Amino acid sequence: MDAPALADCRFSAAQYEAEVARAEADRRWQWPGTLAADLLEAKLTGDGSGPAAWDCELEAIWDSWKEPDSIDVVLRHPRDCDELEDHWLQFGIRLPISADDPAGQAEQLAARLPAEDPLATAQVWGGSQKAAEKLGCPWPPEYPWDS
């Protein structure tokens, strides 16, 4: 069977770039956790503040298809530490996400997180046991994602 003949499809570079920009901006296909995680990360890293108030830097924010009702915020303490030379900690904060507007949730979380002390709200997920002892944080018996 012969393949059907297709007409040429031509468009300008500007039309192509506009369509790529439109497709990138259309995030309706993502579930709320993915979008909220991306928006929260942009807010916390956009102006350089956020976790800096805790002497932490943002390592990552992610969601999981296995747990679509939450996102994880991962911080490293202290800021600008040399992981090979310094004693440091990795903190994890699991945040609930609903089906509500992801942008509104990201705004609320971005306002809430810097006001909270990670030592009171986060769990130690890794780093140096010596650093955990120094700060009075319990060392995790296992990684939280293994339990």
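Contact here means heavy atoms within 4.5 Å. With that in hand, L40 turns out to touch I61, I71, V73, L95, A106, L109, A110 and L113, leaving aside residues up to four places away in sequence. The structure is a predicted model.

L40 also shows up at the heart of the packing count: in the largest nonpolar core, which has 25 residues, L40 and V73 have the most contacts inside the core. At least two residues of this core come from each of α2 (32-46), β1 (57-64), β2 (67-77), β3 (89-96), α3 (102-112) and α5 (129-135). By numbering, L40 falls in α2 (32-46), and V73, one of its partners, falls in β2 (67-77).

Zooming out, the protein has five helices and four strands, and along the sequence they run α-α-β-β-β-α-α-β-α. Among contacts between residues at least 6 apart in sequence, 53% link residues at least 24 apart.

As for overall shape, the radius of gyration is 21 Å, whereas a compact globule of 147 residues would sit near 15 Å. Along the principal axes, the C-alpha atoms fill a box of roughly 70 × 35 × 35 Å. Buried residues make up 33% of the 147.

The accessible surface adds up to about 9800 Å², and carbon and sulfur atoms account for 53% of that area. On the charge side, the protein carries 12 positive and 29 negative charges, and the mean positions of the two sets lie 2 Å apart.

Technical notes:
Residues are numbered from 1 along each chain as its sequence is written. This is a predicted model: local features need pLDDT of at least 70, side-chain atom pairs count only at pLDDT 80 or more; totals for chains, interfaces and linings use all residues. Side-chain values use heavy atoms; hydrogens and water are left out. The radius of gyration is taken over C-alpha atoms; the globule rule is 2.2 Å times the number of residues to the power 0.38. Buried means under 20% relative accessible area, exposed over 50%, partly exposed in between (1.4 Å probe, protein chains only). Accessible areas come from the Shrake-Rupley method with a 1.4 Å probe; for residues, only the protein chains shown count as cover. Lys and Arg count as positive and Asp and Glu as negative; His and the chain ends are not counted. The place of a charge is taken as NZ of Lys, CZ of Arg, CG of Asp or CD of Glu. A nonpolar core is a set of buried Ala, Val, Leu, Ile, Met, Phe, Trp, Tyr and Cys residues joined through side-chain atoms within 4.5 Å.
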